[in-house]
Amino acid sequence: MDDKKYYTLLKEKFPTKEHVATEIINLEAILHLPKGTEHFISDVHGEFLAFDHVLRNGSGSVKEKLRECFDKKQVDINALAVLIYYPEQKIQEIKRQKQGASLHNWYQKNITLLVSATNYASKKYTRSKVRKALPPRFSYIIEELLTESYENHDKEHYLHAIIDKIIALKQADELIEDLAYTIQRLVVDHLHVVGDIYDRGPAPDAIMDRLIAYHSVDIQWGNHDIIWMAAMAGSKVALMNLLRISARYGNLDIIEERYGIALRPLVEYSRTHYTPQKKFAPKLSTKSEISLLEQDTLNVVQQATAILQFKLEGQLIDRRPDFRMEKRRLLEAIDYTTQTITLEQGEFPLDGFFGPTIDPKQPTALTEEELHLVDQLIQSVQQSERLKRHMDFLIEKGSMYLCYNDNLLIHGCIPLHENGDFKSLRIDNVQYAGKDLLDFFEKQVRISYRQKNQSEDLATDLLWYLWSGECSSLFGKTAMTTFERYYLVDHCTHIEHKNAYYKLRNDQQVCQDILQAFSLPIGGHIINGHTPVKEKDGENPIKANGQMIVIDGGFAKSYQKETGIAGYTLLSNSYGLQLAAHQPFSSIEEAVLYGTDIVSTKRLVETVDNRTTVKETNIGHDLLLEMSDLETLYQHYK
């Protein structure tokens with residue numbers, strides 16, 4: 001667009017020179033406000049209740065605001081915090097305890113407190129931003145309550161009259177709910193999800209619905225997310241892997257009931273060809289969750305999808321020599337007569353290996369029945385409207401990495417050699433490394449997702465490479481030893497050697513080199529997920545003299561024995577960076593009845609000498625560009 005057209009469009013938005021001046025003044029003022037609080041979270045792995053609670057309490061930010069706002073001797077901070085976290089449930093509990101004048105007084109007191117808390121939480125925002133954050137049904141009333149200070153004694157009766165009338169009209173519940181959710185929204189300005197929403201836990205779909213409704217969010221794709229995106233894009237091997245993991249953790253109901261994907265053909269196929277084996281018993285938090293028949297179904301489905309996955313992976317490796325995954329052609333390394341397999345480490349006996357549909361002469365070939373089944377499953381996945389909505393959102397809000405406010409957000413790693421040089425991947429005689437490699441991966445993800453009907457093209461195959469390839473920034477290991485863990489007793493075959501990045505990220509100079517490669521200042525930070533930090537063993541999530549922060553602390557219950565905690569989150573506000581280590585979430589009921597919260601230990605990562613303003617952020621950079629255009633328009637306004 002040429003300048004003349006551009007400024008013509010600007011003039012339509014600002015019809016007079018005074019309108020332009022007003023907007024310039026407004027933007028200049030915004031630039032000098034304190035930056036909003038950023039909330040970083042990663043590796044939630046389907047654990048919706050814990051994730052939702054951390055969003056509601058802002059990793060302790062809500063309670064921190066309340067402590068700043070009120071005298072704890074006069075206000076029960078815990079009780080007010082729980083009302084803000086779970087207003088509907090807390091109100092119902094109060095109604096069971098109080099009636100008449102007692103309930104009226106409770107309403108009046110808590111609405112007054114919530115208005116004060118909302119006012120305090122909104123201090124660093126413009127009126128316009130606060131107005132946009134207000135829920136529409138009571139926006140006028142809330143704005144009036146916020147505007148008129150309780151310190152103005154001339155209007156004290158006026159304000160109490162508004163609250164009394166709201167209570168008399170039986171609208172107090174709804175007003176409290178709106179005030180509570182407004183506080184939650186104002187306390188955290190922007191959310192970063194640093195990968196792995198899916199797999200392990202029971203409700204990734206609920207997490208996706210929550211994120212879609214969230215006011216401001218970005219996502220850095222994790223390896224578990226990419227598998228679901230790959231299945232929607234048409235990757236058959238990714239779909240088999242997704243189904244295998246879901247069966248392993250007892251989560252097939254997510255696929256069948258909540259995403260409406262028909263699994264009956266798969267179940268019938270699995271029951272026909274396989275019988276339950278102990279090693280394929282699903283990993284459940286309690287065995288009483290599902291019946292023995294359902295456990296047997298999960299068992300045989302896991303076996304069937306594992307064999308289908310290994311077949312399809314073998315086919316992919318054959319057609320993609322550039323991936324250099326020849327060592328993973330495991331079905332072709334088996335001696336089916338002696339039931340042994342030859343690997344780099346030597347020859348090993350297979351333990352309980354059962355592949356009833358494998359032809360030893362063509363071990364990766366699918367039978368006619370399997371070809372039809374896999375096509376049927378892919379079609380069912382791509383017809384799921386709810387899954388498509390969730391995957392579309394991952395594409396829209398997601399990326400391989402994000403450079404934001406001098407920080408590099410990445411789920412996994414930047415593949416490195418032992419000497420710290422970037423490790424490269426050669427595709428079609430072009431080498432990609434460092435930032436270029438991640439940009440290449442992201443481009444291929446978007447190409448694959450856009451076309452959706454090419455199940456064996458390069459872009460779609462690269463989605464599988466992102467799951468298990470040696471130069472994948474989402475995997476970061478030499479090999480995915482799923483086969484060995486299932487069928488080989490010798491643990492030396494189970495080892496997955498990590499990329500040098502995971503050792504070198506402790507080195508401050510390496511971190512600074514990576515930041516510079518992404519055009520970020522050397523004083524910035526790299527924020528990682530993907531590898532659970534074993535806090536119980538003394539591992540420190542803050543590395544490289546504070547420039548590397550790893551926030552995978554084990555939201556997934558299956559990781560908590562390793563980590564000793566239930567997740568890390570990170571907060572970045574105008575005063576600096578704080579890391580929060582969380583203990584397991586009990587239940588909403590306990591929070592409402594007893595005022596329990598997730599016990600969190602906060603650790604200061606970094607403080608700044610002067611409060612960071614909007615001007616020093618990504619948003620500030622965009623506003624400065626906008627101001628430059630407006631000032632040019634102002635100079636030449638006719």
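How many residues apart in helix H20 are Lys-435 and Asp-439? The legends below start with that pair, and the model they describe is predicted.

**Figure 1. A salt bridge within helix H20 links Lys-435 and Asp-439.** The two residues sit four apart in H20 (residues 434–451), so about one helical turn separates them. Their closest N and O atoms are 2.9 Å apart. Lys-435 comes out as partly exposed, since its relative accessibility is 28%. Asp-439 is partly exposed too, at 29%.

**Figure 2. Asp-205 pairs with Arg-258 and also with Arg-386.** Zoom in on Asp-205 and you'll find a buried residue, with just 3% relative accessible area. For the bridge to Arg-258, the closest N and O atoms are 2.9 Å apart. Asp-205 belongs to helix H12 (residues 204–213) and Arg-258 to helix H15 (residues 252–258), so this pair ties together parts 53 residues apart in sequence. Arg-258 itself is partly exposed, at 27% relative accessibility. For the bridge to Arg-386, the closest N and O atoms are 3.0 Å apart. Arg-386 lies in helix H19 (residues 385–397), so here the tie is between parts 181 residues apart in sequence. Arg-386 is partly exposed, with a relative accessible area of 21%. Through shared partners, Asp-205, Asp-209, Asp-253, Arg-258 and Arg-386 end up in one network. The whole structure has 30 salt bridges.

**Figure 3. The largest cavity has a volume of about 70 Å³.** Helices H17 (292–319), H21 (458–468) and H22 (482–487) each give two or more residues to its lining. Among the lining residues are Gln-309, Glu-313, Arg-328, Trp-464, Trp-467 and Phe-483. Sorted by class, the lining holds six nonpolar, three polar and two charged residues. The structure has three cavities of 30 Å³ or more.

**Figure 4. The second largest cavity has a volume of about 50 Å³.** Its lining includes Asp-199, Arg-200, Gly-201, Pro-204, Trp-228 and Tyr-249. The class breakdown is five nonpolar, three polar and two charged residues. Trp-228 turns up again in the next view, as one of the residues with the most contacts inside the largest nonpolar core.

**Figure 5. Leu-211 sits in the largest nonpolar core, a set of 184 residues.** Along with Leu-211, the residues with the most contacts inside this core are Trp-228, Phe-483 and Tyr-487. H17 supplies the largest share, eleven residues. Leaving out residues up to four places away in sequence, Leu-211 touches Phe-51, Leu-191, Val-193, Ile-197, Val-217, Ile-219 and Phe-393. Another core of 14 residues lies apart from this one, with Val-20, Ile-24, Ile-30 and Leu-633 among them.

How values were computed: Residues are numbered from 1 along each chain as its sequence is written. This is a predicted model: local features need pLDDT of at least 70, side-chain atom pairs count only at pLDDT 80 or more; totals for chains, interfaces and linings use all residues. Side-chain values use heavy atoms; hydrogens and water are left out. On a 1 Å grid over the protein atoms alone, a cavity is a set of points where a 1.4 Å probe fits but cannot get out, and a pocket is an open set with protein on both sides within 12 Å along at least five of seven lines; lining residues have an atom within 4 Å of a point. Grid points are joined across faces, edges and corners, and a volume is the space filled by probe spheres set on the points. Ala, Val, Leu, Ile, Met, Phe, Trp, Tyr, Cys and Pro count as nonpolar, Asp, Glu, Lys and Arg as charged, and the others, Gly among them, as polar. A nonpolar core is a set of buried Ala, Val, Leu, Ile, Met, Phe, Trp, Tyr and Cys residues joined through side-chain atoms within 4.5 Å. Buried means under 20% relative accessible area, exposed over 50%, partly exposed in between (1.4 Å probe, protein chains only). Contact means heavy atoms within 4.5 Å. A salt bridge is a side-chain nitrogen of Lys or Arg within 4 Å of a carboxyl oxygen of Asp or Glu.
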